[in-house]
Amino acid sequence: MSKKIFSGVQPTGNLHLGNYIGAIKNFVNLQNEPDNSCIYCVVDLHAITVKQNPSELKKNIRETTAAFIASGLDYKKSIIFNQSLVPAHSEGSWILSCVARMGWLNRMTQFKEKAGKDKEKASVGLYIYPILMAADILLYDATHVPVGQDQRQHLELSRDIANKFNLDFNSPNFLVAPEPLIQKNFARIMSLKDGSKKMSKSDPSEFSRINLNDTSDQIITKIKKAKTDNDPLPDNENELSKRLEAQNLLGIYSSLSDQTLKNTISEFSGKNFSAFKEKLANLVVDKISPISSEINKLLKDENFIDKILNDGAEKANEIASKKIKDLKKIIGFK
Ligand code: AMP
Ligand code: TRP
């Protein structure tokens, strides 16, 4: 069945192995399935929900775009653009914020995590960001949205908004409720320093994550230093699930080698960590170094990246501006 895919990544720097395994690797697979039409967005409007340095932001928009392309996204097959170039996202977000309910937003766990204790000081944008995300998706009639596990709740909100809009305005099926595409396995890559914490762009420790632009030496050192325990690797998933760090590292190995966790377990059961880590480091270097060097190569030609974004925005604008026009008509605007 052909799918209309939409997904986004924030240009907030430090794209890491979790972003690659949880999101970008899937973007590439979906792009390469025949019949799918895919739109991948660098969501810069989302990025400013927390304070950004303007010149850093500009750099990160290009870097995220370069990471998309270096990972295998093809701007000739997929639409690749940055959100702020297409005004319909901001406009749609306002209209949908009049459909979404406070109670729905109050349930969003990511806001609670990101705002922390001092939520009075969080930006209003951070609070309503799932509505902007809904606008992103609904403007393109996306049927499927590949994301990591942490975005599931936001996807459900998009569905609720679509359904309420259709009901309130008696316009059945006008907004398409999207399905999340969340991998069953390895949907959450954890910190290399703490198997109970998500690998994250904002972790202050560089040793918690492998960045997509790390050199081979950095990758090898980070894997060597990754937290483990003292026992040999187990021979079954049940035992493994009690050892968070081992589970995470074996998960990374399985995902990057495209094999099941079960196969990885049988490959390494009874072995000690040093033997496994050596294999893992080789694999990660094999998969990530080409991406890293391609990112660095692409970043040398800013005009090339900007052209991809501008061309992509033109195509996106054609679709989104038409949808906004229809949306306004339904609401009763002239
Ligand atoms: P973000 O870094 O929050 O902009 O996330 C971009 C995409 O990467 C989203 O689809 C996330 O769900 C996914 N993602 C982020 N961190 C991880 C992680 N540690 N493991 C798996 N997926 C992740
Ligand atoms: N909120 C997502 C994140 O932080 C990024 C995002 C914005 C997105 N708009 C989207 C993901 C639309 C999927 C579809 O990771």
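**Exercise 1. The shell around ligand 2**

State how many residues surround ligand 2, and name the closest.

*Solution.*
- Step 1. Count the shell. Ligand 2 is surrounded by 13 residues.
- Step 2. Name the closest. They are Q10, Y129, M133, D136 and Q151. Keep in mind that this is a predicted model.
- Step 3. Ask which elements supply the shell. β1 (4–9) and α7 each give at least two residues. The largest share comes from α7, with four residues.

**Exercise 2. Polar atoms and cover at ligand 2**

Find the distances from atoms of ligand 2 to N or O atoms in the side chains of Q10, Y129 and Q151. Then say how much of the accessible area of ligand 2 the protein covers.

*Solution.*
- Step 1. Take the oxygen side. An oxygen atom of ligand 2 lies 3.0 Å from an N or O atom in the Q10 side chain.
- Step 2. Take the nitrogen side. For the side chain of Y129, the distance from a nitrogen atom of ligand 2 to an N or O atom is 2.8 Å. For the side chain of Q151, it is 3.3 Å.
- Step 3. Apply the cut-off. A polar contact needs N or O atoms within 3.5 Å. The pair at Q10 has 3.0 Å, the pair at Y129 has 2.8 Å, and the pair at Q151 has 3.3 Å.
- Step 4. Turn to the cover. On its own, ligand 2 has 370 Å² of accessible area, and the protein covers 91% of it.
- Step 5. Place the ligand. Ligand 2 sits in the largest pocket.

**Exercise 3. The surroundings of ligand 1**

Say which residues come nearest to ligand 1, and which pocket ligand 1 takes up.

*Solution.*
- Step 1. List the neighbours. There are 16 residues around ligand 1, and N19, G148, D150, I189 and M199 come nearest.
- Step 2. Check side chains. A polar side-chain atom of N19 is 2.9 Å from an oxygen atom of ligand 1. An N or O atom in the side chain of K201 is 3.2 Å from an oxygen atom of ligand 1.
- Step 3. Check the backbone. A polar backbone atom of Q10 lies 3.4 Å from an oxygen atom of ligand 1. Recall that the side chain of Q10 has an N or O atom 3.0 Å from an oxygen atom of ligand 2.
- Step 4. Read the cover. The protein covers 93% of the 480 Å² of accessible area that ligand 1 has on its own.
- Step 5. Name the pocket. The space taken by ligand 1 is the largest pocket.

**Exercise 4. A bridge between distant parts**

K323 and D141 form a salt bridge. Where in the chain does each partner lie? Is K323 buried or exposed?

*Solution.*
- Step 1. Get the distance. The side chains meet at 2.7 Å, N to O.
- Step 2. Locate the partners. K323 is in helix α14 (residues 302–331), and D141 is in the loop between α7 (124–138) and β4 (144–146). The two are 182 residues apart, and the pair links distant parts of the chain.
- Step 3. Judge K323. Its relative accessible area is 10%. Buried means under 20%, so K323 is buried.
- Step 4. Look at the backbone of D141. Its phi is near 50°, a positive value in a residue other than glycine. Most residues other than glycine have a negative phi.

**Exercise 5. Two more bridges**

Sort the partners of the K198–D150 salt bridge and the K242–E239 salt bridge by accessibility.

*Solution.*
- Step 1. Start with K198 and D150. Their side chains meet at 2.8 Å, N to O.
- Step 2. Place them. K198 lies in the loop between β5 (179–181) and α9 (216–225), and D150 in the loop between β4 and α8 (152–168). The pair therefore ties together parts that are 48 residues apart in sequence.
- Step 3. Sort them. K198 has 33% relative accessibility, so it counts as partly exposed. D150, at 30%, is also partly exposed. D150 is also one of the residues nearest to ligand 1.
- Step 4. Go to K242 and E239. Their closest N and O atoms are 3.2 Å apart. K242 is exposed at 57%, whereas E239 is partly exposed at 34%.
- Step 5. Widen the view. E206, R209, D214 and K222 are linked in a network of salt bridges. The whole structure holds 20 salt bridges.

**Exercise 6. A positive phi in a loop**

Locate D35 and decide whether it is buried or exposed.

*Solution.*
- Step 1. Locate. D35 lies in the loop between α1 (17–31) and β2 (37–42).
- Step 2. Read phi. It is near 80° in D35, a positive value in a residue other than glycine.
- Step 3. Decide. D35 has 61% relative accessibility, so it counts as exposed.

Notes. Residues numbered from 1 in each chain as written. Chains lettered and ligands numbered in written order. Predicted model: local features only at pLDDT ≥ 70, side-chain atom pairs only at ≥ 80, totals over all residues. Heavy atoms only, no water. Salt bridge = Lys/Arg side-chain N within 4 Å of Asp/Glu carboxyl O. Buried < 20%, exposed > 50% of the residue type's maximum accessible area, 1.4 Å probe, protein only. Near = heavy atom within 4 Å. Polar contact = N/O pair within 3.5 Å; in protein donor to acceptor, adjacent residues only side chain to side chain. Areas by Shrake-Rupley, 256 points an atom, 1.4 Å probe, with all protein chains shown as cover. 1 Å grid on protein atoms, 1.4 Å probe; cavity = no way out; pocket = protein on both sides within 12 Å on 5 of 7 lines; lining within 4 Å. Sits in = over half its atoms within 2 Å of the grid points.
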